[in-house]
Amino acid sequence: MKQLWAPWRMAYVDQNSKEAGCIFCNKLQGNDPRDALVLATTPHSMAMLNKYPYNNGHLLLAPKRHEKNLSGLSADEFNDLNDALRRSVHILRQVLNPGGINLGMNLGKCAGAGIEDHLHWHVVPRWEGDTNFMPVVTETRVMPQHLLDSYDRLQPHFRYLSI
Ligand SMILES: [Zn+2]
């Protein structure tokens, strides 16, 4: 296995973790950002750790508004999301020092979207030799402590995203 980036497998993982309603909208309504793994919110966007990560520090960035089409975002929403993406990549580079980062957005089920009704970016930090991570995660599915450790490490750096 040479490529970690495999959106169809993300859909597989996402489908195994279905919860009622939209995970992005649900997390925004929650009272405990740490419990929801929400790192930051901006005027129009949110950044959270993926509960089913492909790698350490795997982020999901979404507009706050439940929107399925990229063209459905207003200019303000789109710019805000892009800015959150740009800053998040910078933060991940600073804090986790990955060798590289994959950015991907899956639009529609056949493109691999697990949650197709609410747009989101996947931001996946990469390290040399990390390609064995995915099968491990797929088998274990949830790593709550690992996720909270990552959250606590990253969250202070994400504070300025919320300003
Ligand atoms: Zn939603």
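Let's start in the middle of the sheet, with strand 2, residues 45-49. Strand 2 is mostly covered: five of its five residues are buried. One caution before going on: this is a predicted model.

Look at how the side chains of strand 2 are arranged. S45, A47 and L49 point one way. M46 and M48 point the other way. All of them are buried.

What lies across strand 2? Helix 4 does. Helix 4 also lies across strand 3, strand 4 and strand 5. Against strand 3, helix 4 runs at about 165°.

Now step back to the whole sheet. Five strands form an open sheet, and their order is 1-2-3-5-4. The pairing is antiparallel. Which strands stand at the edges? Strand 1, residues 38-41, and strand 4, residues 100-104. Each of these has a single partner strand, so one side of each is left without a neighbour in the sheet. From one strand to the next, the twist averages 20°.

Let's walk across the pairs. Strand 1 and strand 2 form a hairpin, with three residues between them. Three bridges join these two strands, which run antiparallel. On this pair you can find A40 standing opposite A47 in strand 2.

Next pair. Strand 2 and strand 3 are joined by five bridges, and again they run antiparallel. Here M48 stands opposite L60 in strand 3. M48, remember, is one of the buried residues of strand 2.

Stay on L60. Its bridge partner in strand 5 is H122. Strand 3, residues 59-63, and strand 5, residues 121-126, pair in the antiparallel sense over three bridges. Put those together and L60 faces M48 in strand 2 and H122 in strand 5.

How many helices and strands does the chain have? Six helices and five strands. From the N terminus on, the elements run α-α-α-β-β-β-α-β-β-α-α. The chain has 163 residues, and buried residues make up 50% of them. Now take the contacts between residues at least 6 apart in sequence. Of these, 69% join residues at least 24 apart.

On to the metal. Which residues hold the zinc ion? The protein donors are C22 and C25, each through SG, and H66 and H118, each through ND1. They lie 2.0 to 2.3 Å from the zinc ion. What is the geometry of the site? Tetrahedral, with angles of 101 to 117° among the four donor atoms.

Look at the donors along the chain. Their spacing is C-x2-C-x40-H-x51-H. C22 is buried, and C25 is buried too.

Last topic: salt bridges. Side chains of opposite charge can pair when their charged atoms come close. A search of the whole structure finds seven salt bridges. I'll show you three.

First, D152 and R34. Their closest N and O atoms are 2.7 Å apart. D152 lies in helix 6, residues 144-158, and R34 lies in helix 3, residues 33-36. So the pair ties together parts that are 118 residues apart in sequence. Are the two buried or exposed? D152 is partly exposed, at 36% relative accessibility. R34 is partly exposed as well, with a relative accessible area of 35%.

Next, D83 and R86. Their side chains meet at 2.6 Å, N to O. How are they placed in helix 4, residues 75-96? They are three residues apart, so about one helical turn separates them. D83 is partly exposed, with a relative accessible area of 24%. R86 counts as exposed, at 57% relative accessibility. And helix 4, you'll recall, is the helix lying across strand 2.

Finally, E67 and R65. These side chains meet in a salt bridge of 3.1 Å, N to O. E67 is buried, at 12% relative accessible area. R65 counts as partly exposed, at 34%. Which residues share a network here? R65, E67 and E77 are linked in a network of salt bridges.

To recap. We have an open sheet of five strands. Helix 4 lies across four of them: strand 2, strand 3, strand 4 and strand 5. We have a tetrahedral zinc site, and seven salt bridges in the structure. Thanks, over to you.

Note on methods: Residues numbered from 1 in each chain as written. Predicted model: local features only at pLDDT ≥ 70, side-chain atom pairs only at ≥ 80, totals over all residues. Heavy atoms only, no water. Donors = N, O, S within 2.8 Å, 3.2 Å for Na, K, Ca; no water. Tetrahedral: all angles 85-135°; square planar, octahedral: opposite > 155°, others 65-115°. Buried < 20%, exposed > 50% of the residue type's maximum accessible area, 1.4 Å probe, protein only. Salt bridge = Lys/Arg side-chain N within 4 Å of Asp/Glu carboxyl O. Helix = DSSP H or I, 4+ residues; strand = E, 2+ residues; numbered from the N terminus. Pairing = 2+ DSSP bridges. Axes fitted to C-alpha atoms, helices over the stretch in contact; angles between N-to-C directions. Contact = heavy atoms within 4.5 Å.
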